[in-house]
Amino acid sequence: MNTRSKIEEPVAKEFQQFNDEFANSLKSETRRLQSAIIQIQHAVGKHVRPLLVLLTAKACGKITEHTINAAVLLELLHTATLIHDDVIDETKERRGLPSLNAIFDNRVSVLVGDYILSSALIRAIQTRNLQIISIVSNLGRDLSEGEIKQLETAEESIVDEEAYMQVIKKKTATLLSACTEIGAICADAPADIVEKSKLLGEYLGYAFQIKDDIFDYYKNEDLGKPTGNDIREGKVTLPLLYALQHAGPAELETYMTLLRSKVFTPVQVDQLIDFAIRKGGIEYAENRMRHYHSKAIELVDSYPDSDAKEALILLANYIIERKK
């Protein structure tokens with residue numbers, strides 16, 4: 001049995017129910033909208049977020065219909081934000097396939113994203129839990145703030161690790177944190193366990209995003225996004241950030257001038273990638289990723305022993321060991 005199967009095994013029945021409900025949520029009688037939805041379904045990811053919801057709920061006690069609803073709404077929300085992000089970043093490829101805005105146009109993509117976001121809000125109401133609705137509402141605001149903060153740091157060439165962490169907290173960590181927090185809430189876990197679960201998701205979110213950022217510095221056709229894509233968009237992620245902070249004055253001026261120019265040829269992108277690697281940026285980023293992974297594992301270890309707890313550990317390991 002492979003790792004993925006072991007992760008899913010404790011919640012296999014519920015995960016299948018999630019997949020069915022998620023597919024049913026992505027349906028429309030409008031021809032163009034349904035055509036776009038079919039493209040989304042072809043490019044669907046590994047559903048890490050709904051697995052976090054289900055496994056946390058089971059580790060905390062039980063999975064209910066509200067848990068399934070929560071898993072669906074959070075994956076719908078995530079899908080909507082990816083569509084909108086691709087429009088903002090003018091991304092033409094996702095997971096090795098053409099992005100929605102590459103196939104249609106920005107108008108259709110934004111409207112499809114809005115449709116899916118509205119479907120998520122309907123699901124949130126179906127949980128009949130004001131605490132969950134509040135978390136999801138705040139999450140939508142955090143995701144938007146994170147995207148705007150990232151645009152600011154890219155446009156102004158801000159080289160600051162605290163600013164970087166603020167961005168990934170808003171863009172990634174809050175979503176995974178909502179998954180584990182809501183999973184615990186749906187299991188009727190005590191307040192202290194809900195808070196612990198919330199923190200678990202946040203740590204996993206940091207590790208997940210740092211791993212994604214590291215991918216940008218390697219040539220790998222299987223990643224589903226071009227190497228150096230973040231750099232081309234002016235995003236200074238952790239490996240390059242570390243390199244810049246540990247460069248000598250002349251070297252720092254050279255690379256900061258390049259970043260401020262906002263003109264990134266393939267040669268310049270390679271120069272920045274090589275610079276980040278040469279200065280130990282990858283090793284630093286990997287150490288930071290493992291730091292958050294370790295903190296997450298400490299929290300999982302405090303749950304009662306169960307197959308769901310073991311699967312959460314496997315999922316945490318998968319997040320930092322995955323190849324794409």
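Is Cys179 buried or exposed? In this predicted model, Cys179 is buried, with a relative accessible area of 0%. That residue is taken up again below, once the chain as a whole and its core have been described.

The chain is built from 16 helices and two strands. Its radius of gyration is 20 Å, close to the 20 Å that the globule rule gives for 324 residues, so the chain is as compact as a globular protein of that length. Along the principal axes, the C-alpha trace spans about 60 × 50 × 40 Å. Of the 324 residues in the chain, 52% are buried, and among the contacts between residues at least 6 apart in sequence, 75% join residues at least 24 apart.

The largest nonpolar core contains 101 residues, and the members that touch the most others are Leu74, Val112, Ile210 and Leu240. The element that gives the most to this core is helix 9, residues 161-186, with 12 residues. Ile210 can serve as a way into the packing: once its neighbours within four places in sequence are left aside, Ile210 is in contact with Tyr164, Ile168, Leu238, Ala285, Arg288, Met289 and Tyr292.

Helix 9 also holds Met165, which counts as buried because its relative accessibility is 13%, below the 20% that marks the limit for a buried residue. Beyond the residues up to four places away in sequence, Met165 touches Tyr206 and Tyr292; Tyr292 also appears among the contacts of Ile210. The C-alpha atoms of Met165 and Gln209 are separated by 9.9 Å, although these two residues lie 44 residues apart along the chain.

Further along helix 9 is Thr180, a residue that is buried, with a relative accessible area of 0%. The side chain of Thr180 reaches the backbone oxygen of Ser177 at 3.1 Å. Residues up to four places away in sequence not being counted, Thr180 touches Leu52, Thr56, Ser197, Lys198, Leu200 and Gly201.

What, then, of the cysteines and their possible pairing? A disulfide is a covalent bond between the sulfur atoms of two cysteines, and the structure holds zero disulfides. Cys60 is in no disulfide, and the nearest cysteine sulfur, that of Cys186, is 11 Å away; Cys60 counts as buried, at 17% relative accessibility. For Cys179, the closest cysteine sulfur is likewise in Cys186, at 11 Å, which is too far for a bond, because a disulfide requires the two sulfur atoms to be within 2.5 Å. Cys179 is thus a buried cysteine, with its relative accessible area of 0%, whose sulfur lies too far from that of Cys186 for a bond.

The description now moves to helix 8, residues 130-155, which has 26 residues and reaches 38 Å from its first C-alpha to its last, close to the 38 Å expected at 1.5 Å a residue. The buried residues of helix 8 are Ile132, Ile135, Val136, Leu139, Asp142, Leu143, Gly146, Glu147, Gln150, Thr153 and Ala154. The spacing of such a list can be read against helical geometry: an α-helix has 3.6 residues a turn, so residues three or four places apart point the same way. The buried residues of helix 8 pack against helix 5 (65-89) and helix 9, the latter being the helix that gives the most residues to the largest nonpolar core.

Both ends of helix 8 have features of their own. At the N-terminal end, Asn129 acts as a cap, with a side-chain oxygen lying 2.8 Å from the backbone nitrogen of Gln131. Helix 8 is followed by Ser157, whose phi is positive, near 50 degrees.

Where else does the backbone take up such a conformation? Most residues other than glycine have a negative phi. Arg128, although not a glycine, has a positive phi of about 55 degrees; this arginine is found in the loop between helix 7 (106-126) and helix 8, and it is exposed, with a relative accessible area of 76%. Lys262 is also not a glycine and has a positive phi of about 60 degrees. Its place is in the loop between helix 13 (249-261) and helix 14 (266-278), where Lys262 is partly exposed, with a relative accessible area of 37%.

How values were computed:
Residues numbered from 1 in each chain as written. Predicted model: local features only at pLDDT ≥ 70, side-chain atom pairs only at ≥ 80, totals over all residues. Heavy atoms only, no water. Core = buried A, V, L, I, M, F, W, Y, C linked by side-chain atoms within 4.5 Å. Buried < 20%, exposed > 50% of the residue type's maximum accessible area, 1.4 Å probe, protein only. Helix = DSSP H or I, 4+ residues; strand = E, 2+ residues; numbered from the N terminus. Contact = heavy atoms within 4.5 Å. Expected span 1.5 Å × (residues − 1). Polar contact = N/O pair within 3.5 Å; in protein donor to acceptor, adjacent residues only side chain to side chain. Rg over C-alpha atoms; globule rule 2.2 N^0.38 Å.
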